[in-house]
Amino acid sequence: MTNEEIQRVTMPKWGLSMESGKVIEWLVSEGDELQEGQDVAEIDTDKIAGALESTWSGIVRALVVEVMVDVPVGGTIAVVAPAAVPQDEIDAVVAEAREQLASGAIEDESGPKVAEVEIDGRSISYVVLGDAESEATPVVFVHGYGGDKNAWLFVQEPISGDRATYALDLPGHGASSKDVGDGSVATLASSLVGFLNELGLSKVHLVGHSMGGAVATVAAADPAIAGKVASLTLIAPAGYGPDLNAGYIRGFAEAETRRELKPHLQQLFADQSLVNRQLIDDLLKYKRLDGVDAALALLVAALLDGEKSAVDVTAEQASFGGKTVAVWGAQDKVIPASNAGSLQGKATVQTVDGAGHMVHMEKPKAVIAAIKEAIGAT
C-alpha cells in the first residue's frame, strides 16, 4: 500500500470570487464507505450553500475540519483511503493538512480560468474548466437575463470532470461589453455563434438557462454553425411559451437599492432564504456598472410584449434536430413549467420539485443528470 491510495477531499472553488468556504454539515462520517456521486458535505460559499458531490471512492478515514470554520479553496477537509492503508499514514496526512490550514500555505490551481475574446467588436469574458485536450465534446454554458458565468458554480465543475467546459458572459452581462445592439435574442445568439467559431470549437453541447436557453436554441439552428451543436440542455428556457413574469423582468431592471431588488430576487428561488446579502450586493454592483441600465432597458424591450413573452424559438428548436432535454423547477415563478407543453414530443422534459427558476442552483444534481442525459457518451 502506498500514499497514492490516500485521497484528499478538498474545499472546491465554486465560482471566480470564491476564496474560502465552510462546511455547514458533514453528510458522511468517519468509517463510511464513500461512493462517487455521493454528497459529502454541505458547503457555504457566502453567496449560496450547496452540496459537495464526491469524485472519490473508498473509506472516509478522517474528517479534517470542524463545521462552520473557514477553509481556503484547495484546503483538505477530509481523507479517503482503502481500509488497508495503515492508520499512521492517515494520521500523517491529516497532520500535514491541518498544518497547511493553520499556516495558510495552500496553493490552489484548480477552478475556472478567466479569458476574453472579441466578437463583433464586443469583448466577451468567459471561463474555462476541465481538460482542453480531452476528446470528449466540450460543453458551453449560457446564463440567463441579469446573470453571468458564475451562475453555473454548482454545475460546471462536475461536468468538467472528463471534458473542457466553457461559461461565457453574454453582451450586457458580467465582465463582457455592455453593448447589446438591439437587445434581441438573435443579436445575443450571434455573439454565441461568434464565440464558438473564434475558439475553434468544432462540436459542442449547449446548456442555456432562461433567456440563455432561447439564445442557445437560436444559435443551434444558425446555418453558420450547422452541425456544430450536438445537443441542447434547456433550463427553464424563455421562448417556449407566452407565459413569464413580466413584473420580475422589469423590476430587476428598475431596482436601484437592496430593498427594491430583494423581493424580485426572491421570486427566483423556491427557498427564498437563499437570497442573502452577498447575492444582493453582487447584483447591485453589476447593475451600477456603466452601460448596464441601457443594456437592461433594451433587453426588457426585446423580451416582453406587454405582460407576455415577445420571444418564440420553437421553430428554431424544431429545425435543430439534435437531442434536447429541458428542466423546469416546479415552483418557477418567472417562467412557469406550464410552458413546457410546447416541447411535447420534441424533447425530454423534467420537472423538479423544490426548485424555482434557478434550478441549477437549488437542485444542481437534477440539472447535472439532465446535461449528462443530453450529452450521452460524446
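This passage walks through a mixed sheet, the helices around it and a few individual residues in a predicted model.

Let's start with the sheet. Eight strands make up an open sheet with mixed pairing, and the order runs S9-S10-S12-S11-S13-S14-S17-S18. The edges belong to strand S9 (113-119) and strand S18 (348-352); each has a single partner strand, so one side of each is left without a neighbour in the sheet. On average, and ignoring direction, neighbouring strands here are turned by 20 degrees against each other.

Two of the pairings can be spelled out. Strand S11 (residues 139-142) runs parallel to S13, and four bridges join the two. Within the sheet, valine 142 sits opposite glycine 208 in S13. Strand S13 (residues 204-209) also runs parallel to S14, this time with six bridges, and histidine 209 faces isoleucine 235 in S14. As for S14 itself (residues 229-235), six of its seven residues are buried, so the strand is largely enclosed by the rest of the structure.

Helix H3 comes next. H3 packs on the sheet and touches S9, strand S10 (122-129), S11, strand S12 (165-168) and S13. The direction of H3 makes about 110 degrees with that of S9. Alanine 186 belongs to this helix, which spans residues 185-198. With a relative accessibility of 49%, alanine 186 counts as partly exposed, just under the 50% above which a residue would be called exposed. Its C-alpha atom is 14 Å from that of tyrosine 145, a residue 41 places away along the chain.

Moving on from S14, the chain enters the loop between S14 and H5, where alanine 236 is found. Alanine 236 has a positive phi of about 45 degrees, although it is not a glycine. This alanine is also buried, its relative accessible area being 0%. A second non-glycine residue with positive phi is methionine 68, at near 60 degrees. Methionine 68 lies in the loop between strand S6 (58-63) and strand S7 (70-72). Its relative accessibility is 47%, so methionine 68 counts as partly exposed.

Helix H5 covers residues 246-254, and its buried residues are Ala246, Tyr248, Ile249, Gly251, Phe252 and Ala253. The cover over these residues includes helix H6 (258-266), helix H7 (277-287), helix H8 (292-303) and strand S15 (304-305). At the N-terminal end, H5 is capped by asparagine 245, which places a side-chain oxygen 3.1 Å from the backbone nitrogen of glycine 247.

How do H5 and H8 pack, in terms of angle and axes? The angle is about 170 degrees, and the axes are 10 Å apart. That makes H5 roughly antiparallel to H8, since the angle is over the 145 degrees needed for that label. From H5, the contact takes in Ile249, Arg250, Phe252 and Ala253, which meet Leu296, Val300 and Leu303 of H8. By class, that comes to six nonpolar residues, no polar ones and one charged.

Finally, there is helix H9 (residues 314-320), home to glutamine 317. Is glutamine 317 buried or exposed? At 4% relative accessibility, this glutamine counts as buried. Leaving aside residues up to four places away in sequence, glutamine 317 touches Thr217, Tyr240, Thr324, Leu343 and Lys346.

Definitions and conventions. Residues are numbered from 1 along each chain as its sequence is written. This is a predicted model: local features need pLDDT of at least 70, side-chain atom pairs count only at pLDDT 80 or more; totals for chains, interfaces and linings use all residues. Side-chain values use heavy atoms; hydrogens and water are left out. Buried means under 20% relative accessible area, exposed over 50%, partly exposed in between (1.4 Å probe, protein chains only). Contact means heavy atoms within 4.5 Å. A polar contact is a pair of N or O atoms within 3.5 Å; within protein, one must be able to donate a hydrogen and the other to accept it, and residues adjacent in sequence count only if both atoms are side-chain atoms. Axes are lines fitted to C-alpha atoms, for helices over the stretch in contact, and angles run from 0 to 180 degrees between N-to-C directions. Angles under 35 degrees count as roughly parallel, over 145 as roughly antiparallel, 65 to 115 as roughly perpendicular and the rest as oblique. Ala, Val, Leu, Ile, Met, Phe, Trp, Tyr, Cys and Pro count as nonpolar, Asp, Glu, Lys and Arg as charged, and the others, Gly among them, as polar. Two strands pair if DSSP finds at least two bridges between them.
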